[in-house]
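User: Hi! Could you walk me through the ligand site and the internal cavities of this model?

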Amino acid sequence: MKINKNAETVLKQRYLIKDENGEPVETIDGMFVRVARAIAEADTLHDEKADTTETEKIFYDMMTNLEFLPNSPTLMNAGRDLGQLSACFVLPVEDSMESIFEAIKQAALIHKSGGGTGFSFSRLRPEGSTVNSTGGVASGPISFMKVFNMATEAIKQGGSRRGANMGILRIDHPDILKFIDCKADNTEITNFNLSVGLTEDFMNAAEAGREYELIDPHTRKAVKKLNARVVFNKIVDAAWRNGEPGIIFLDRLNRDNIVPRQGQIEATNPCGEQPLLAHESCNLGSINLTKMIKKEGGSAVFDWEKLERTVENAVHFLDNVIDVNKYPLEQISFTTKQTRKIGLGVMGWADSLLMMGIPYNTEEAVQLAEKVMAFITEKGRETSRKLAEKRGAFPLFAESTLPQDKPQRNGTITTIAPTGTLSIIGGCSSGVEPVFAYVFIRNIMDGTELLEVNPVLKEKLEERGLYSEDLMRRIAKEGTVSHIKEIPEDIRRVFVSTHDISPEYHVRMQAAFQKFTDNAVSKTVNFSNSATREDVAKVYSLAFSLGCKGVTIYRDGSRDEQVLNIGKVK
Ligand code: UDP
């Protein structure tokens with residue numbers, strides 16, 4: 001197995017089964033056997049005589065070749081007692097003490113098993129409104145969010161994964177201004193990513209500089225009016241300040257809600273890529289695109305046949321996960337199986353472009369992104385339809401918005417995850433992000449630092465006899481290769497990193513993938529430290545006009561602690 005040192009470290013620390021002294025009792029290979037076997041087992045639910053050894057081999061090969069990896073909880077928990085395999089959950093929070101504390105309890109169970117949770121707090125009555133039963137005053141969504149945050153802090157997912165949450169508040173909630181600024185001090189509410197839920201009405205009002213109404217969700221009465229542009233600018237200010245909150249476009253999430261009769265989509269998972277109904281969960285998986293490339297006449301090109309085969313096997317894998325998954329709650333099991341959503345995505349996109357000699361910030365790259373994702377979604381749907389012939393359509397298919405002539409096994413097929421740890425295991429660039437830095441230091445959870453050189457750059461420089469440790473240290477210090485004279489111009493042109501790419505191209509790439517993704521795309525639009533609020537506002541408008549479902553931005557240096565650092569070598 002071609003697994004690199006960093007992958008080995010991460011897997012040993014956090015994925016392998018350990019004994020009571022913390023020593024691994026399985027090998028990395030053993031982990032993949034465990035996962036492949038447990039997931040292949042689901043074939044027998046549909047066909048008693050199914051040859052699971054063959055399926056197991058297909059799944060095992062695909063993972064050990066690092067062509068496809070399921071989300072972390074599947075790698076950690078498949079074939080074990082815990083058996084909770086999903087990364088993404090959304091839980092409802094209704095306007096009552098029972099519901100609020102029930103959601104906290106449910107989130108605790110999910111975090112313990114390695115999953116992340118998203119909530120909409122929009123149904124909670126605003127701070128200061130009356131509480132009938134006690135005659136007291138309501139604490140409001142932000143106070144309760146702090147309670148969720150503290151519960152998460154206490155759990156820390158058994159040391160294997162940080163408890164992650166998404167908190168969403170609609171733009172027309174009376175406490176919206178407080179929400180926008182509630183992470184101004186970013187040592188607060190640290191276990192949450194926040195997003196303001198924007199509506200198209202609001203976006204139009206902001207554009208026109210009109211007022212809009214704030215509605216008390218409890219009484220359903222308008223309680224106040226605000227100028228939409230002023231509020232929009234406050235959101236921009238906050239994001240410019242430290243990247244929080246992000247924004248999501250609620251109408252767009254609901255336009256793609258395949259079962260609107262079951263209710264509205266109000267929230268996403270923690271990183272924003274998976275909109276879900278209340279009590280729905282979803283398991284993700286990612287194809288490593290760097291393994292889908294072949295040499296043809298001396299140049300590197302996509303191997304579409306291999307990609308097609310990998311999509312087929314990945315959809316089969318993820319559909320099986322739904323059946324062998326041990327859900328933390330009966331209600332989640334039921335809701336998840338009603339739509340059978342899966343989230344197949346990609347990682348190693350930037351590295352693939354490097355291999356093919358295409359700069360990330362070009363029209364060519366954007367067009368290729370559309371082509372690749374359109375292909376994956378189309379082939380994924382075909383596979384899901386074939387599965388439906390044998391296994392049946394998802395139970396709510398008949399009431400869904402999907403074309404009724406071709407039953408589908410899964411309500412949604414594609415999602416682009418951040419692949420934070422999967423990309424370390426796969427040894428490739430994460431998700432659809434550009435390469436942050438070609439040589440850098442990664443801070444991982446327990447404070448260990450890993451020095452990493454991008455494998456594609458290393459290979460290219462070695463080919464030309466230019467690779468040296470010295471040069472790598474210089475690249476780490478500069479943060480980019482674009483100013484280093486010893487590196488030939490043709491390499492510098494292709495090996496662009498995050499900060500060489502304009503925010504507009506970040507958004508265009510996100511939009512290109514979104515165009516052909518059923519769910520959403522996890523992407524951070526990176527700005528340089530000197531970017532202005534106007535730059536941020538322009539990106540929000542661009543993302544809106546290009547059809548993105550949300551935007552997360554980050555201005556370099558705007559938080560004390562950041563996961564990825566450039567120009568920091570010891
Ligand atoms: N997630 C989580 N805790 C974490 C990282 C991720 O709960 O520490 C969840 C969250 O829902 C996120 C999803 O897993 O949106 C996918 O994240 P990523 O692709 O980075 O996970 P990986 O499978 O690479 O570990």
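Analyst: Happy to! A residue is near a molecule or strand if one of its heavy atoms lies within 4 Å of it. This is a predicted model, where local features need pLDDT of at least 70 and side-chain atom pairs count only at pLDDT 80 or more, while totals for chains, interfaces and linings use all residues. Residues are numbered from 1 along each chain as its sequence is written, and side-chain values use heavy atoms, with hydrogens and water left out.

User: Which residues come nearest to the ligand?

Analyst: The ligand has 18 residues around it. Those that come nearest are Ser72, Asn269, Thr419, Gly420 and Thr421.

User: Which residue has a side-chain N or O atom 2.8 Å from an oxygen atom of the ligand?

Analyst: A polar contact is a pair of N or O atoms within 3.5 Å; within protein, one must be able to donate a hydrogen and the other to accept it, and residues adjacent in sequence count only if both atoms are side-chain atoms. Gly420 uses a backbone N or O atom, 2.8 Å from a ligand oxygen, and Leu422 a polar backbone atom at 2.9 Å. The residue that uses its side chain, at 2.8 Å, is Asn269.

User: How much of the ligand's area does the protein bury?

Analyst: Accessible areas come from the Shrake-Rupley method with a 1.4 Å probe; for residues, only the protein chains shown count as cover. Taken alone, the ligand exposes 520 Å². Of that, the protein buries 91%.

User: Why does the ligand lie between two domains, and which are they?

Analyst: Domain bounds here come from an automatic or database domain assignment. The ligand lies between the two because both give residues to its shell: domain 1 (5-84 + 271-422) and domain 2 (88-268).

User: What is the volume of the largest cavity?

Analyst: On a 1 Å grid over the protein atoms alone, a cavity is a set of points where a 1.4 Å probe fits but cannot get out, and lining residues have an atom within 4 Å of a point. Points are joined across faces, edges and corners, and a volume is the space filled by probe spheres set on them. There are four cavities of 30 Å³ or more, and the largest has a volume of about 60 Å³.

User: Which helix gives the most to the lining of the second largest cavity?

Analyst: That cavity has a volume of about 50 Å³, and its lining includes Ala350, Leu353 and Leu354. Helices (H or I, at least four residues) are DSSP runs numbered from the N terminus. With three residues, the one giving the most is helix 14 (residues 349-356).

Conventions:
On a 1 Å grid over the protein atoms alone, a cavity is a set of points where a 1.4 Å probe fits but cannot get out, and a pocket is an open set with protein on both sides within 12 Å along at least five of seven lines; lining residues have an atom within 4 Å of a point. Helices (H or I, at least four residues) and strands (E, at least two) are DSSP runs, numbered from the N terminus.
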